[in-house]
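Reader: I should like to understand how the terms applied to a protein model are justified. May we go through them one at a time?

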Amino acid sequence: MSTDFTLLSITDDLINSAFVLYQLQTSKEESLFDCYIMAAAKQYHADCIFSFDWGYTKNGFTLAQVFVKKGSY
């Protein structure tokens, strides 16, 4: 397989990080899948997350639309 994109491996570290984040959630709106995305974003030091789900912001992440609007790139 050839691609210009970084492929993410689901490691034990990532799984554990996602579960820790999931246990900290106070709303049913943030799913375990959301926590996998947040754990991966932390692991890869992502500047922002592309999503229409504002729940990520409650966990300290910046959404792409805000990132672009601020001209942070």
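Author: The following exchange sets values against definitions. This is a predicted model, in which local features need pLDDT of at least 70, side-chain atom pairs count only at pLDDT 80 or more, and totals for chains, interfaces and linings use all residues. Residues are numbered from 1 along each chain as its sequence is written, and side-chain values use heavy atoms, with hydrogens and water left out.

Reader: What makes up the protein, in terms of helices and strands?

Author: The protein has four helices and zero strands, in the order α-α-α-α from the N terminus. Helices are DSSP runs of H or I with at least four residues, and strands are runs of E with at least two.

Reader: Where does E30 lie, and why is E30 called buried?

Author: E30 lies in the loop between α1 (12–24) and α2 (32–43). Buried means under 20% relative accessible area, with a 1.4 Å probe and protein chains only. E30 has 5% relative accessibility and therefore counts as buried. Buried residues make up 26% of the 73 residues in the protein.

Reader: Which residues are in contact with E30, leaving aside its neighbours within four places in sequence?

Author: They are Y22, Q25, G55, K58 and N59, where contact means heavy atoms within 4.5 Å.

Reader: What makes the pairing of the E30 and K58 side chains a polar contact?

Author: A polar contact is a pair of N or O atoms within 3.5 Å; within protein, one must be able to donate a hydrogen and the other to accept it, and residues adjacent in sequence count only if both atoms are side-chain atoms. The side chains of E30 and K58 make such a contact at 3.2 Å.

Note on methods:
Buried < 20%, exposed > 50% of the residue type's maximum accessible area, 1.4 Å probe, protein only.
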